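Work through the exercises below with the sequence and the model open. Each task is followed by a worked solution.

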Amino acid sequence: MEQYLIRGGVPLVGETDISGMKNAALPILAASIMTDEWVTLDNLPDVDDVRVLLETLRYLGARVEKTGRHSVKICGSTITTCKVEYEYIKKIRASYYLLGALLGKYKNAAVPLPGGCNIGSRPIDLHLKGLNAIGANVGIRYGTIVGKCDQLTGAHIFMDTVSVGATINIMMAASRADGRTIIENAAKEPHVVDVANFLNSMGAEIRGAGTDVIRIRGVKNFHGCNYTIVPDMIEAGTFMCAAAATKGDVMVRNIIPKHMEAVTAKLYEIGCEIEEFDDAIRVVAPRRLTRTHIKTNPYPGFPTDMQPQMGVVLALASGTSVVTESIFENRFKYTDELTRMGAQIKVEGTTAIIDGVEGLMGAEVSSPDLRAGAALVIAALAAEGTSIVDDISFIERGYEDFEQKLALLGADIHRITQRPDRLRMTKIG
Ligand code: UD1
């Protein structure tokens, strides 16, 4: 199993380019088979989750041609099956976006139920409720979500909970329904907007994405298009937190600063200097930061996907911070690992009470999931001494060239395949 060996205590300094957004790329890739013409996608992140979904599209019969590291051409005219194998769903939960795409185009889909995920229980009821409201006839048979109908028909749908996945799945299918669909209490995340823009580039008529009411007029057919995926706000936020935790000075480039507001506001509040440019943000953390409270919320609230990284920053800030997780109940697993590095954190239900410490100490820790893994890397970069971060395959699902980008900012980070026989705990600085 591969690990990162990190010697911490070095402030990160420099500039880094942010890749395309994984959570936009996955539904866009699924939606790209909804036309029989060629679709060209640019700014595709080169991460494991994207590679798995490209494999899944090939399995379904689509033609997939990688034209560069960050670009791909896809043609859905040769799709031979509407049944996705469990093997793919097991690897990435987001394969469930094929449900909306296949139903929209073929009015037929069979997608195995995604397994549990280690950030908490991830129900699928809102996807089913919305798709059934437009007549998809979706049900669960022997562990697979099966939907078949002659025609989808627009409907007025109220989402009980704000869900990114359900909003996108319903939006994809409804864009090929007969008549108008209105989704109320829709998710407003930038990736929802990006998927709507992509569908519109293929000929869909979707208005209001980015607000909580999305209006869709169904169309009969889609056509090919060229589309560039938006920058990854979570990758950008991760590097901003890495700058803050290591008392560094980092410019994240190729981003949309508006998407970063919740993170930027918190970093500013706790004492970082923030400079904003048209497509970049510079974070400078010249001195010890101070406590604050955080509560995760749907966009434009503080993103749950940034909670662990900000938790590490607060573990090093002076005073007591309270972090409340309101989206996924199991997102504090990283705090046990952080405690082993010297952090003082008490978790009670959905709240973590963090008493900031002066410094962390290197240790051997395991990534519990994608974002928590990135957070532990940040902790290791800020800690005195040497750390090993295990289970980095989680991190590679969503971060392109993570260790190379960090190394370019001055981090002492190496990928190792085996734990060295004798790890010498070196005191740095
Ligand atoms: C997406 C992101 C994930 C991010 C999350 C919240 C992808 C691939 N993943 O996940 O990184 O953390 O948004 O921003 O884009 N819920 C239901 N019923 C449903 C669906 C969801 O009750 O049918 C609940 C969930 O349990 C959760 C909340 O709704 O409490 C939000 O989940 P949702 O926005 O759907 O997350 P995902 O789309 O799975």
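**Exercise 1.** Which domains does the domain assignment of the chain give?

Solution. This is a predicted model, in which local features need pLDDT of at least 70 and side-chain atom pairs count only at pLDDT 80 or more, while totals for chains, interfaces and linings use all residues. Residues are numbered from 1 along each chain as its sequence is written, and side-chain values use heavy atoms, with hydrogens and water left out.

Step 1. Take the bounds from the assignment, which is an automatic or database one. Domain 1 covers 3-19 + 231-416, and domain 2 covers 22-228.

Step 2. Place the two parts relative to each other: over C-alpha atoms, their centres are 30 Å apart.

**Exercise 2.** Describe the interface of domain 1 and domain 2, beginning with contacts and area.

Solution.
Step 1. Count contacts (heavy atoms within 4.5 Å). Domain 1 brings 27 residues into contact with 20 residues of domain 2.

Step 2. Add the buried area, which is the accessible area (1.4 Å probe) that two parts lose on being put together, summed over both. The two domains bury about 1,900 Å² between them, and carbon and sulfur atoms hold 49% of it. On the domain 1 side, Tyr299, Arg397 and Glu400 lose the most area to domain 2, together 32% of what that side buries.

Step 3. Look for salt bridges (a side-chain nitrogen of Lys or Arg within 4 Å of a carboxyl oxygen of Asp or Glu). The rule finds 3 across this interface.

Step 4. Assign secondary structure by DSSP runs: helices are H or I with at least four residues, strands are E with at least two, and both are numbered from the N terminus. Helix 12 (370-382) and helix 13 (393-396) each supply at least two residues of the side of domain 1 that touches domain 2. Helix 13 gives the most to that side, with 3 residues.

**Exercise 3.** Is serine 163 buried or exposed?

Solution.
Step 1. Apply the cut-offs: buried is under 20% relative accessible area, exposed is over 50%, and partly exposed lies in between (1.4 Å probe, protein chains only). Serine 163 has a relative accessible area of 14%, so this residue is buried.

Step 2. Locate the residue: serine 163 sits in the loop between strand 9 (156-158) and helix 6 (164-174).

Step 3. List its contacts. Leaving out residues up to four places away in sequence, serine 163 touches Leu126, His127 and Ala187.

**Exercise 4.** Why is helix 4 largely enclosed by the rest of the structure?

Solution.
Step 1. Helix 4 (residues 97-106) is largely enclosed because 9 of its 10 residues are buried. Among them are Tyr97, Leu98, Gly100 and Lys105.

Step 2. Check what comes next: lysine 107 follows helix 4 and has a positive phi, near 55°.
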